[in-house]
Amino acid sequence: MQKGWYSGRPVIVTRNDYDLGVYNGDFGVCIKTGEDERLKVCIQSGSGIKTVRPERLRDFKPAFFLTVHKSQGSEFDTINLLMPKEDVPVLTKELLYTAVTRAKKKFMLYGSKTLFVKGSNRRTERYSGIS
């Protein structure tokens, strides 16, 4: 194991790295490769899969769970949305739409269906002053 790296560790890139060809929001997973079973991070980028040594990856976070915001621009076979226990103002139609549309095949809701419906009827309020 290399400084916290292990086979199966999921990551999300948090800042563009033009030298490596990986960008904010790209997802990857650490795997063992080759006969020597060295660890590499395979990252799905817009231009294909990039293979990077873990020590070269600078700006990333674990990707076991993602906020809806961080998932924007990505698609997954299955989305599991964990609802809050109580109603919160950020639970809006726009947020829920983003969550549901990340799923290519299956969407699973965990939590209150009532809160989901309530949130889907709430629009985001913007206070920018721009009409």
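This report describes the strands, salt bridges, aromatic contacts and surface of one protein model. The model is predicted.

## Strands

Strand E1 covers residues 10–13 and strand E2 covers residues 27–33; the two pair in the antiparallel sense over three bridges. In this pairing Ile12 of the chain stands opposite Phe27 in E2.

E2 also pairs with E3, again in the antiparallel sense, over seven bridges. Lys32 has Leu39 in E3 as its bridge partner. E2 and E3 form a hairpin, and four residues lie between them. One residue in that turn is Gly34, whose phi is positive, at about 70 degrees.

E3 (residues 38–45) pairs in turn with E4 (residues 48–52), in the antiparallel sense and over five bridges. Here Ile43 stands opposite Lys50 in E4. The connection from E3 to E4 is a hairpin through two residues.

## Salt bridges

Side chains of opposite charge can pair when their charged atoms come close. In this model the count comes to five salt bridges. The table gives three of these pairs.

| Salt bridge | Closest N to O distance |
|---|---|
| Arg58 and Asp17 | 2.5 Å |
| Arg53 and Glu55 | 2.9 Å |
| Asp87 and Lys118 | 3.3 Å |

Which parts of the chain does the salt bridge between Arg58 and Asp17 tie together? Arg58 forms its salt bridge with Asp17 at 2.5 Å between the closest N and O atoms. Arg58 lies in the loop between E4 and E5, and Asp17 lies in the loop between E1 and E2, so the pair ties together parts that are 41 residues apart in sequence. Is Asp17 buried or exposed? The relative accessibility of Asp17 is 7%, so Asp17 counts as buried, since the cut-off is under 20%. Arg58 has a relative accessible area of 55% and is exposed, because exposed means over 50%.

In the pair of Arg53 and Glu55, the side chains meet at 2.9 Å, N to O. Arg53 counts as partly exposed, with 37% relative accessibility.

Asp87 and Lys118 form a salt bridge with their closest N and O atoms 3.3 Å apart. This pair links distant parts of the chain, 31 residues apart: Asp87 is in the loop between strand E6 (76–82) and helix H2 (93–100), and Lys118 is in helix H3 (residues 113–120). Asp87 is partly exposed, at 29% relative accessible area. Lys118 also counts as partly exposed, at 45% relative accessibility. Asp87, Lys118 and Arg122 are joined into one network by salt bridges that share partners.

## Aromatic contacts

How many aromatic pairs does a search of the whole structure find? The search finds four aromatic pairs. One of them is Tyr18 with Tyr23: the ring centres are 5.6 Å apart and the planes are at 65 degrees, so the pair is edge-to-face. Planes over 60 degrees apart count as edge-to-face. Tyr18 counts as exposed, at 61% relative accessibility, while Tyr23 is partly exposed, at 30% relative accessible area.

Phe107 and Phe116 form an aromatic pair that is tilted, with 6.3 Å centre to centre and 50 degrees between the planes. Phe107 counts as partly exposed, at 26% relative accessibility.

A ring can also lie beneath a charged side chain in this model: Arg9 lies over the face of Trp5, at 4.4 Å from the ring centre.

## Surface and a buried serine

Which residues form a nonpolar patch on the surface? The patch is formed by Tyr6, Phe64 and Phe65, which together have about 390 Å² of accessible area. Phe65 is found in the loop between strand E5 (60–62) and helix H1 (68–71). The relative accessible area of Phe65 is 76%, so Phe65 is exposed.

Ser74 is in the loop between H1 and E6. Is Ser74 buried or exposed? Ser74 counts as buried, because its relative accessibility is 11%. From C-alpha to C-alpha, Ser74 and Val41 are 18 Å apart in space, and they are 33 residues apart in sequence.

Note on methods
Residues numbered from 1 in each chain as written. Predicted model: local features only at pLDDT ≥ 70, side-chain atom pairs only at ≥ 80, totals over all residues. Heavy atoms only, no water. Patch = residues over 30% accessible without salt bridge, like charges linked within 9 Å, V, L, I, M, F, W, Y side chains within 5 Å. Areas by Shrake-Rupley, 256 points an atom, 1.4 Å probe, with all protein chains shown as cover. Salt bridge = Lys/Arg side-chain N within 4 Å of Asp/Glu carboxyl O. Buried < 20%, exposed > 50% of the residue type's maximum accessible area, 1.4 Å probe, protein only. Phe/Tyr/Trp six-rings, centres within 6.5 Å; stacked < 30°, edge-to-face > 60°. Lys NZ or Arg CZ within 6 Å of the ring centre and 35° of its normal. Pairing = 2+ DSSP bridges.
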